[in-house]
Amino acid sequence: MAKGTDRHTELGLKEEDLIEMYRFMLTARYCDERQWGLNRQGKAPFVVPVSGHEAAQVGSAWAFERGKDVFCPYYRDLALALVAGFTPKDVFLGLFGKKDDPSSGGRQMPAHWGAKDRNIITGSSPIATQCLHAAGIALSKKLKRSDAVVGTWCGEGGTSEGDWHGAMNFAGIHKLPLVLVVENNQYAISVHVSKQVAGSVHGRAQGYGMPGAVGDGNDVLEAYKLTKEAVDRARAGEGASLVELLTYRHYSHTSDDDDRTYRKKEEVEEWKAKDPIPRFEAYLRSVEMIDDARIQEMRDETKTTVDEQAAQAEEADFPDPTTAYDNVYAERVEVR
Ligand SMILES: Cc1ncc(C[n+]2csc(CCOP(=O)(O)OP(=O)(O)O)c2C)c(N)n1
Ligand SMILES: [Mg+2]
């Protein structure tokens, strides 16, 4: 392919962008493998796996401007949290419930990503509540005449919630600078998408007066392209958009779920063959940005970083028990 006509060039992405995107995808994958192993060792009580969603999350997150835009993610968004400014150590501090966990200082369940200094708004456990928070923040950005854009992410199961429809309706009416990304991995725990959505997720946008796009969520460049169009639209004052990214989770819903009871092995294997990481590696090879040796080197480097930072988090301090009521009640109540 002649230089200048590559897909990424057409999207305005440079070599440094692609290499960083690839590194984030690898980092998320190794964090996932490490946290899964720690769960099986009994060291991490609850894990929400991300494997399979890396392209959807890194591609969509890359369309936002860090430091200005606001991220309202959901629990599966480990790769997105990394792009938005979490380090692997931060991920593991949350997993172990340690004092320096940026999301909650070890108070919340793991995977409730949040950090004020990185514009990541922590979500509540009820699904799709973050979409309403995001709509409210987008309204405030509009009222303040800021050109910041708000992004919110959820699964296709989340789109059955009233909160999601409320956010869509409000964002459509008020033309809010909001992008709603749906990571459609075909399942809401054990419930297949065919029992969740009769039409299509992206088709729901029409009823709320906004554009709805759908694309291959295992292709990081497509995830970026669709989300970037939506972000540009929002920043130009043209209102909200919905982006549906088709993907699949490789592991069970959480470490407390057994997906063998509702997913056929063949189906899982079929989707694993579309793994977003080797697919992106194939693209990077095709534009001669990396070769096999560089892939191995980057994989080794990333894995070492993740292992080291996971170990540092494991050794870190737990919160002081006397701080248990901090930020929970306005004033600490002494109980005799
Ligand atoms: C309001 C509400 N109902 C039910 C649950 C239990 N629950 C947690 S995750 C989940 C499935 C969500 O699936 P989806 O939105 O497709 O996201 P995925 O986990 O597949 O990424 C459910 C039903 C919840 N947390 N909140
Ligand atoms: Mg789902």
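Is glutamate 20 buried, exposed or partly exposed? I looked this up at the outset, noting that the model is a predicted one. Glutamate 20 is partly exposed, at a relative accessible area of 32%.

**Entry 1: helix 2**

I then searched for the partner of glutamate 20 and found a salt bridge with arginine 23, with 3.5 Å between the closest N and O atoms. Both residues belong to helix 2 (residues 15–40) and are 3 residues apart, about one turn of the helix. Arginine 23 is partly exposed, with a relative accessible area of 26%. I followed the contacts outward and recorded a network of salt bridges that links Glu20, Arg23, Arg294, Glu297 and Glu301. Over the whole structure, the search returned 23 salt bridges.

**Entry 2: pairs that reach helix 12**

I next examined arginine 34, whose side chain meets that of aspartate 307 in a salt bridge of 3.7 Å, N to O. This pair links distant parts of the chain, since arginine 34 lies in helix 2 and aspartate 307 in helix 12 (residues 292–315), 273 residues apart. I read a relative accessibility of 26% for arginine 34, which therefore counts as partly exposed. Aspartate 307 is likewise partly exposed, at 29%.

I also recorded the salt bridge between the side chains of glutamate 314 and lysine 43, at 3.0 Å from N to O. Here too distant parts of the chain are linked: glutamate 314 is in helix 12, and lysine 43 is in the loop between helix 2 and helix 3 (54–62), 271 residues away. Glutamate 314 counts as partly exposed at 31% relative accessibility, and lysine 43 counts as partly exposed at 39%.

**Entry 3: the magnesium ion (ligand 2)**

Which protein atoms are donors to the magnesium ion (ligand 2)? I listed two OE atoms of Glu156, OD1 of Asn185 and O of Tyr187, at 2.1 to 2.6 Å from the ion. In sequence, the donor residues follow the spacing E-x28-N-x1-Y. Glutamate 156 sits in the loop between strand 2 (150–155) and helix 7 (162–173), while tyrosine 187 is in strand 4 (residues 187–188), so that, by this assignment of helices and strands, the pair links distant parts of the chain, 31 residues apart.

I checked the geometry as well: the site has 6 donor atoms, with angles of 51 to 176 degrees among them, and is irregular. For six octahedral donors the ideal angles are 90 or 180 degrees.

Finally, I looked up the accessibility of two donor residues. Glutamate 156 is buried, with a relative accessible area of 0%. Tyrosine 187, at 7%, is buried because buried means under 20%.

Technical notes:
Residues numbered from 1 in each chain as written. Chains lettered and ligands numbered in written order. Predicted model: local features only at pLDDT ≥ 70, side-chain atom pairs only at ≥ 80, totals over all residues. Heavy atoms only, no water. Donors = N, O, S within 2.8 Å, 3.2 Å for Na, K, Ca; no water. Tetrahedral: all angles 85-135°; square planar, octahedral: opposite > 155°, others 65-115°. Helix = DSSP H or I, 4+ residues; strand = E, 2+ residues; numbered from the N terminus. Buried < 20%, exposed > 50% of the residue type's maximum accessible area, 1.4 Å probe, protein only. Salt bridge = Lys/Arg side-chain N within 4 Å of Asp/Glu carboxyl O.
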